[in-house]
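This report describes the pockets, the sheet and the helix packing of one protein chain. The sequence and the structure are shown first.

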Amino acid sequence: MSPANLLKLMQVFWRMHRGLPTFVSYNSLNACNQACPMCAVWRRDGEMLSVEELEPIFADLKGFGLKVAEISGGEPFLRKDIYRIFALLDRLGFLYTTATNGTLLTPEGIERLREARGLLQVAFSLDSLDRERYAFLRGRDLLPKALENLERLLKARIPAPVKINLVMNRLNFREIWDFLAFARERGIHLSVFPVNQGDGFFHRHSDPEFAATPEERREMAGIFRELARLRRTGEPLWEYSGFYERAADYVMGKPVGPCDAGRLYLDLNADGQVAVCLDRDGVGDIRRESIAQLWQRLEAQRDAVRVCSTETPCFYTCTYNVSITARHQAAFLLETARVRWRQLLRGKRGAGSAGNAAP
């Protein structure tokens, strides 16, 4: 990581510590080349903001103090101008991440990711290593293409870390340990979060296929608790261990604690609407009002966020992971250092073995 990005990260953690708005999740479009039954985004219509419209918007957000942007969708790499968006964020001094199903990545596009100076991570969504199960969970039979592009991305050794995003559900939870081994062998991270369900929400959709039995819920909760333990020992899991512990509670229907949507975090929808999170209606169009004006309305929804967190809770990494990490920064940083150290040791051992095997 460059010294400039390290300094920006220090500012991010300081703002999190003080409870100041820090993160914006931008749904760059609703369209997707997949059709995951657990997701509602691709079922919606909606316009797409141009780069010219985005420039004053992100300049306003930066001036308000936001530091990190998550670029998601839909599938962001459906946008032909996605690299222009990355360049815009670089010009404005943002740190940013992007999430993709990986099937649209090209060798030329992967090379262009080298130019993304503020890119903190590429999150590669992959919910099964079984082709038939993947086809059901992603709505398209594209596992071979996804795996091919993942290997291509890893071979390119772009400066930003690559991680796998895995949505745990009743159909794939027994693959978790295969995924952890898969990530470990490739020197990348694994991010696991529970499937979110509910009618009328933006990202989650109630499909009966994901209605787990009590026994399945107990098994998934046990896996999340084991992931928490393994993260503390240095296994290549992305989230703070407390996130996995709360995820175990979530799948069992227990309270998961406060959510900082509309406080540390806000959502920018594809149509310019600003919301406290990706599951709430917008409070106004940021093309017509400044974020300072809209923020007052976001803060006014804090009571609604508290009700949501108890009556219709979600468990997204963008909201609960931010909340939990903000409250346990020292533990998060210690665990992350341990993960990185173990990855470095594995890399050295792998290089040594390769050297010994050479003729």
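## Pocket, cavity, sheet and helix packing

The second largest pocket of this predicted model holds about 400 Å³ of space. Its lining is made up of 26 residues, and R217, Y250, V251, G253 and P313 are the ones nearest the centre of the pocket. Helices α8 (214–233), α9 (241–251) and α11 are the elements that give two or more residues to this lining. By class, the lining of the second largest pocket comprises 14 nonpolar, nine polar and three charged residues.

The structure also holds one cavity of 30 Å³ or more. About 80 Å³ of space lies in the largest cavity. The residues that line the largest cavity are R204, C259, A261, C277, D279, R280, V305, C308, S309, P313, C314 and Y320. Helix α11, which spans residues 302–311, gives the most to this lining, with three residues. P313 thus appears in the lining of the cavity and among the residues nearest the centre of the second largest pocket.

The table sets out the volume and the lining classes of both spaces.

| Space | Volume | Nonpolar | Polar | Charged |
|---|---|---|---|---|
| Second largest pocket | about 400 Å³ | 14 residues | nine residues | three residues |
| Largest cavity | about 80 Å³ | eight residues | one residue | three residues |

Turning to the sheet, nine strands form an open arrangement with mixed pairing, in the order β6-β5-β4-β3-β2-β1-β7-β8-β9. Strands β6 (189–194) and β9 (284–285) stand at the edges; each has a single partner strand, so one side of each is left without a neighbour in the sheet. In general, strands of a sheet pair through backbone hydrogen bonds, either parallel or antiparallel. At the β9 edge, strand β8 (residues 273–275) runs antiparallel to β9 and is joined to β9 by two bridges. Within this pairing, Q273 stands opposite D285 of β9.

The last feature is a pair of packed helices. The angle between the axes and the distance between the axes describe such a pair. Helix α2 (residues 51–64) packs against helix α3 (residues 82–92) at an angle of about 30 degrees, and their axes are 10 Å apart. Because angles under 35 degrees count as roughly parallel, α2 and α3 are roughly parallel to each other. The crossing in which α2 passes α3 is right-handed.

Key
Residues numbered from 1 in each chain as written. Predicted model: local features only at pLDDT ≥ 70, side-chain atom pairs only at ≥ 80, totals over all residues. Heavy atoms only, no water. Pairing = 2+ DSSP bridges. Helix = DSSP H or I, 4+ residues; strand = E, 2+ residues; numbered from the N terminus. 1 Å grid on protein atoms, 1.4 Å probe; cavity = no way out; pocket = protein on both sides within 12 Å on 5 of 7 lines; lining within 4 Å. Points joined across faces, edges and corners; volume = space filled by probe spheres on them. Nonpolar A, V, L, I, M, F, W, Y, C, P; charged D, E, K, R; others polar. Axes fitted to C-alpha atoms, helices over the stretch in contact; angles between N-to-C directions. Parallel < 35°, antiparallel > 145°, perpendicular 65-115°, else oblique. Left-handed = near helix turned anticlockwise from the far one by under 90°.
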